Amino acid sequence: MEELSENGVICPIPWIHLSLFPNGKTLLCPCQSDYTVTAGNYNDEKITDLINSKVLRDLRVDLLKGEKNKICNNCYDCETINPKGESPRTNYLKNFHTQMERGISNTNGEGFINTDKFEFSYWDVRLINLCNLKCRTCHPIFSSSILDEYKKNGIPVPKVGNNSERPDRSDILDDLIKHADVVQEIHFAGGEPLLMKEHWAILDELVKKKRFDVKLHYQTNLMKLDYKGVHVFEYWKKFKTKLVVSPSVDAYGDRLSYIRGNSDWNKLNSNLLDLIKFKQKYNNIEIIPTITISIFSVFYVFDLINYLSELEIKNYKLNFVLNPNYYNASLLPDSLKEIISERLIEFGNINPFILNQLEMIKNDLIRSTFTSRKQELLIQFRENVLKFDKIRNQDFIKFFPELKELVA
């Protein structure tokens, strides 16, 4: 089994996990490279049926043979640009190695798992797309605010977002809770999880079962920390296993409100400071901001990193925008990329603790994935920026004067 773990492709996810997306689609993994590939639809099938879908069986067989499957290309790509060779796959191996071994021992040669022994150890919960923000790099499937904006302005709604509005998720919630005794980690995302009644219902179930050993991971915009008068800290303080709270913070100051529509820097900062105070008091959470690196943010990311360092936050995750591809940072003009590259070197000399992250940003800038379509994608970028500037009464150049040539 140790040899299998070193084959460069194996991953626990196909044996312990399903990603439940707001439109009912059940993805194989939250990091998969092609979101059109699914295990099925949880509106129509039970979890125990979905885990033995053909696409999951085939994936398990490939990984056990040591063969790369294209659904995992995002992780393989990440391992290439990360100087340490790390990716979500390598992290999952560290966290769920034992569960993977048990899962493999209950898997036959055709990739079927014995459903009676299936351990749904890792949940990725995004049951509805309810969200108070409309981020430029996001999609209607993940934000009800963007979906409403599309409809209001007559913008065709992408097919994947058409079934995003399901006010009652009690059916899948009941199916999930059946596995509450074996779950080891829950990733709450959205939408915005702290707005969702399903999130609070799961917390209530964990409290009821005294499952304070479950690791909770939140991807949150940190705009709101309470629900119907109950503050989330009242739940979090009960947990023994360290929670991971990942505020989505793509820019420092006013630029945040442009990139992450409806957000407010002052509100986010106030909640972030409260989060730090909570950590100091209970010491059971880890604050790991997620910084989305895009054509909007990469030039100014140093301001944000400096501020986080002042707060003694020195660990964060970088999320590189690959879709929509016209927002990828590699599309910036060479003159701007040279300036950023020089700043990366200077910044690394001052902040050696983030050399790995800085190297990843550099590698994203020189990414060749979109080179052949650069001019076409820059035209799409300009069209989308100007369209949503008009809808939202914003001015790209006001927020990003150094990038004005992109919309000229």
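Which element gives the most to the lining of the second largest cavity? In this predicted model, the answer is best reached by way of the cavities as a group, of which three have a volume of 30 Å³ or more.

The largest cavity has a volume of about 140 Å³, and its lining is made up of 15 residues, with Cys 11, Ile 13, Cys 29, Ile 71 and Cys 72 lying nearest the centre. Helix H2 (13-16), helix H4 (54-65) and helix H6 (88-105) are the elements that each give two or more residues to this lining. By class, the lining of the largest cavity consists of 13 nonpolar residues, one polar residue and one charged residue.

The second largest cavity holds about 60 Å³ of space, and H6 gives the most to its lining, with three residues. The residues that line this second cavity include Trp 15, Gln 99, Arg 102, Gly 103 and Asn 106, together with Ile 113, Lys 117, Phe 118 and Glu 119. Here the classes are represented by three nonpolar, three polar and three charged residues.

Turning to the strands, S10 (residues 243-247) is mostly covered, with five of its five residues buried. Leu 243, Val 245 and Pro 247 are buried on one side of S10, while Val 244 and Ser 246 are buried on the other, and both faces are thus covered. Strand S7 (residues 215-220) runs parallel to S10 and is joined to S10 by four bridges, whereas strand S12 (residues 285-287), also parallel to S10, is joined to S10 by three bridges. Within these pairings, Val 245 of S10 stands opposite Tyr 218 and has Ile 287 as its bridge partner in S12.

Definitions and conventions. Residues numbered from 1 in each chain as written. Predicted model: local features only at pLDDT ≥ 70, side-chain atom pairs only at ≥ 80, totals over all residues. Heavy atoms only, no water. 1 Å grid on protein atoms, 1.4 Å probe; cavity = no way out; pocket = protein on both sides within 12 Å on 5 of 7 lines; lining within 4 Å. Points joined across faces, edges and corners; volume = space filled by probe spheres on them. Nonpolar A, V, L, I, M, F, W, Y, C, P; charged D, E, K, R; others polar. Buried < 20%, exposed > 50% of the residue type's maximum accessible area, 1.4 Å probe, protein only. Pairing = 2+ DSSP bridges.
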